Amino acid sequence: MPSSLLRRALVTLALTSTVLVAPATAAEAAPAKPAKVTKVSAKTTTTTLTIRWKRPKRAKSFSVCVKTAPKSKRCVRNVRTRKTSVTFRKLKPNSGHDFYYRVRSYRGKKYSAATNWKRANLRVGKGTANSVVGGSGDRLAYRWSRSTSATTYQLQLATDRRFTTGVHTVGRKNPAATVTGLNGGMTYYARTRGVNGTVKGAWGPVSKTRLAPKPVRATVATYNLCGEDKCRSADSPAWFLRYVPKWSVRKPLAASVVRSADPDIIVTQESATKTAFHTALPGFTRGAYKSAKTIYFRSSRFSALDGGWMTLDSETKRYATWNLLRDRQAGTAFIVVDAHLEPQKGKARDDRRRKQTARLISRISALNPHGLPVVWGGDWNSNASNANQSNYPGGYDAPRREFERHGVVDALTLTTNTINAELNSANAGVPTPKANGHHVDGIYVPLKGVQVESWLMPANFVETPEGRQYATPFPSDHNPVVTKLVLATP
C-alpha cells in the first residue's frame with residue numbers, strides 16, 4: 001500500500017541522514033541576468049526621437065535614458081516600458097550632437113544589462129526663402145527666416161542656378177549675412193539651409209539678384225607693336241628699315257610712348273612670345289595670349305577672373321584673346337578683348353572681316369551671360385577709306401558696320417576731348433604724318449554702360465621747317481590708341 005511505502009522511506013531517511021533533492025528545471029539553471037539589447041536603431045524628425053530594438057533573451061522590461069552629453073549624469077528624458085520601442089516628442093536641438101541614448105534591459109528589479117551610449121541628431125528643417133536687404137559694388141546683404149531645429153545657418157551664392165560657378169558659402173549663427181568679395185555687375189543666385197552639428201537641412205528656395213556695380217575709371221590702350229620685326233622683311237625699302245629698326249632697338253621706345261598715356265590696360269598685336277613686352281611694363285601682369293595678341297593689365301588695380309582665346313578664321317589663322325577683369329577696390333567686373341583682323345582692302349577682304357567681327361561678337365556674347373561691359377581693342381585693318389568706291393568698289397568698313405548692328409561704336413565718336421585724332425593710327429614708318437583721320441587701330445565700346453572721357457594717340461614728334469614730324473626711329477609702324485573710360489555707368 002502506498003502508506004507502507006512512505007513509512008519505509010522515512011525510516012530509511014532517518015537511518016542514513018541523506019537528503020534527496022529533485023533535479024533543477026532548465027529555467028532555474030539559466031543565468032539570472034538578461035541579455036543586452038544588440039539590435040537598436042533611432043529615427044528622428046525635427047522634434048522627435050524614436051528608438052526601436054529587438055527584444056533580447058530573458059528581458060522582461062526596458063528603460064531608455066536620453067541625455068544631451070555623453071558624460072552627463074542626468075537623463076533629460078527617461079522611460080520604463082515593456083515594449084520594444086519608444087518615441088520622445090517635443091525635443092529641442094542642441095549645438096553639435098543633440099542627444100545620446102542608452103537602452104537597458106531588465107529581468108525583475110535586480111538584474112539588468114545596458115547598451116553603450118549611442119548618438120542621435122534631430123533633423124533640420126528645409127531652408128527658408130531669402131531676400132536681399134542691401135549691397136552694391138562687391139557685396140550683398142541677405143536675411144531669411146529660421147529653420148526648425150537649426151542652431152546655425154549656411155548662405156550660399158553662385159553665378160549660375162546650378163551653383164557650380166563663382167560659389168561663395170558662408171556660415172552664420174543668425175539668419176542674416178553679408179557676403180563680400182563679389183563681382184559687381186554679375187547676377188547672383190542665393191539659397192540658405194539650417195545646420196545642427198553635422199546635420200544639414202535641405203537647401204531652401206533660390207533667389208536671383210544682379211549686384212549693382214560701382215562705376216570705375218580705366219585707361220585702355222591698343223598698340224600694334226610690330227614686335228619681333230613682323231613688319232620688316234627683305235622686301236622692305238631701305239628707308240623703312242632705317243626708320244623702323246629692329247625690335248631690340250624699338251622696344252624701350254614703344255614702352256615709353258605707351259606709358260606716357262598712363263594706361264591701366266594695354267592690348268597689343270604683333271607681340272609674340274619673344275617680344276616680351278611685359279618686361280618693359282613694370283607693374284603690369286600679362287593676361288591672355290594667343291598668336292601674337294597679348295593683354296596686359298595693371299596688377300595693383302585689377303585681377304583676372306578668367307580669360308582665353310578664340311578662333312575667328314581658321315583658314316587665315318585669325319584669333320582674338322579676352323580677359324574678364326575685376327577692379328580690386330570696387331569689385332566691378334568687365335571684359336577686355338584683343339583682336340587683329342584680316343589685312344588689305346577690297347570687298348572680298350571686307351566680307352571676311354565682317355565674318356570675323358560677327359564671330360568675335362558672338363563668341364564674346366556667349367562668354368558674357370551677365371551682360372558686363374566689354375571693351376573691344378585691336379588692329380581692325382579697316383577704316384573709312386575701305387568704303388571709297390572709286391578705289392575699292394563694293395568695299396565698306398566691315399568691323400564698324402558689324403559693331404554698330406550690336407550697339408557698339410568707336411570710342412572716338414563718343415567724345416570731343418581728343419588729341420591727334422586727325423592723324424592716321426598706322427604711321428607706315430613715314431616721318432610726315434598722314435592726316436586724314438583714318439584709324440585701322442581702335443577701341444570700341446557699347447553705347448550703354450561705358451562713358452568715354454577722352455581719346456588720345458600718343459606719339460613722339462619733332463618740329464621741323466616743314467612742320468611737325470614724327471621723331472625717328474619709330475617705336476612701331478603703328479601709333480597706340482588710348483581712351484579714358486568710365487565703366488559700368490548707369
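**Exercise 1. Characterise the salt bridge between Arg301 and Asp327, and state where each partner lies.**

Solution. Step 1: In this predicted model, Arg301 and Asp327 form a salt bridge whose closest N and O atoms are 2.8 Å apart. A salt bridge here is a side-chain nitrogen of Lys or Arg within 4 Å of a carboxyl oxygen of Asp or Glu.

Step 2: The pair links distant parts of the chain, 26 residues apart: Arg301 belongs to the loop between β20 (293-298) and β21 (302-313), and Asp327 to strand β22 (residues 318-327). Helices (H or I, at least four residues) and strands (E, at least two) are DSSP runs, numbered from the N terminus.

Step 3: Arg301 counts as partly exposed at 23% relative accessibility, whereas Asp327 is buried at 4%. Buried means under 20% relative accessible area, exposed over 50%, and partly exposed in between (1.4 Å probe, protein chains only).

Step 4: Both residues belong to a network of salt bridges that links Asp262, Asp264, Arg298, Arg301 and Asp327. The structure holds 19 salt bridges.

The basis of these values is as follows. Residues are numbered from 1 along each chain as its sequence is written, and side-chain values use heavy atoms, with hydrogens and water left out. Because the model is predicted, local features need pLDDT of at least 70 and side-chain atom pairs count only at pLDDT 80 or more, while totals for chains, interfaces and linings use all residues.

**Exercise 2. Describe how helices α5 and α6 pack, and which residues meet.**

Solution. Step 1: Helix α5 (residues 347-366) and helix α6 (residues 398-405) pack at an angle of about 35°, with their axes 8 Å apart. The axes are lines fitted to C-alpha atoms, for helices over the stretch in contact, and angles run from 0 to 180 degrees between N-to-C directions.

Step 2: The crossing of α5 and α6 is right-handed; that is, the near helix is turned clockwise from the far one by less than a right angle.

Step 3: From α5, the residues Asp350, Arg353, Arg354, Thr357, Ala358 and Ile361 meet Ala398, Pro399, Glu402 and Phe403 of α6. Contact means heavy atoms within 4.5 Å.

Step 4: The residues of this contact comprise five nonpolar, one polar and four charged. Ala, Val, Leu, Ile, Met, Phe, Trp, Tyr, Cys and Pro count as nonpolar, Asp, Glu, Lys and Arg as charged, and the others, Gly among them, as polar.

**Exercise 3. Analyse the salt bridges of Arg353 and of Arg400.**

Solution. Step 1: Arg353 pairs with Asp350, the closest N and O atoms being 2.8 Å apart. These two residues are separated by about one helical turn, because they stand three residues apart in helix α5. Both Arg353 and Asp350 are buried.

Step 2: The side chains of Arg400 and Asp410 meet in a salt bridge at 3.3 Å, N to O. Asp410 lies in strand β25 (residues 408-410) and Arg400 in helix α6, so the pair ties together parts 10 residues apart in sequence.

Step 3: Asp410 is buried, at a relative accessible area of 8%, while Arg400 is partly exposed at 26%.

**Exercise 4. Determine the surroundings of Asn479, Leu487 and Thr489.**

Solution. Step 1: Asn479 is placed in the loop between β30 (467-470) and β31, and is buried with a relative accessible area of 5%. Its side chain makes a polar contact of 2.9 Å with the side chain of Asn427. A polar contact is a pair of N or O atoms within 3.5 Å; within protein, one must be able to donate a hydrogen and the other to accept it, and residues adjacent in sequence count only if both atoms are side-chain atoms.

Step 2: Leu487 lies in strand β31 and is buried, with a relative accessible area of 0%. Beyond four places in sequence, its contacts include Phe334, Val375, Gly449 and Val450.

Step 3: Thr489 is found in the segment after β31 (481-487) and is buried at 19%. A polar atom of its side chain lies 3.4 Å from the backbone nitrogen of Val450. Not counting residues up to four places away in sequence, Thr489 touches Pro215, Gly449, Val450 and Gln451.
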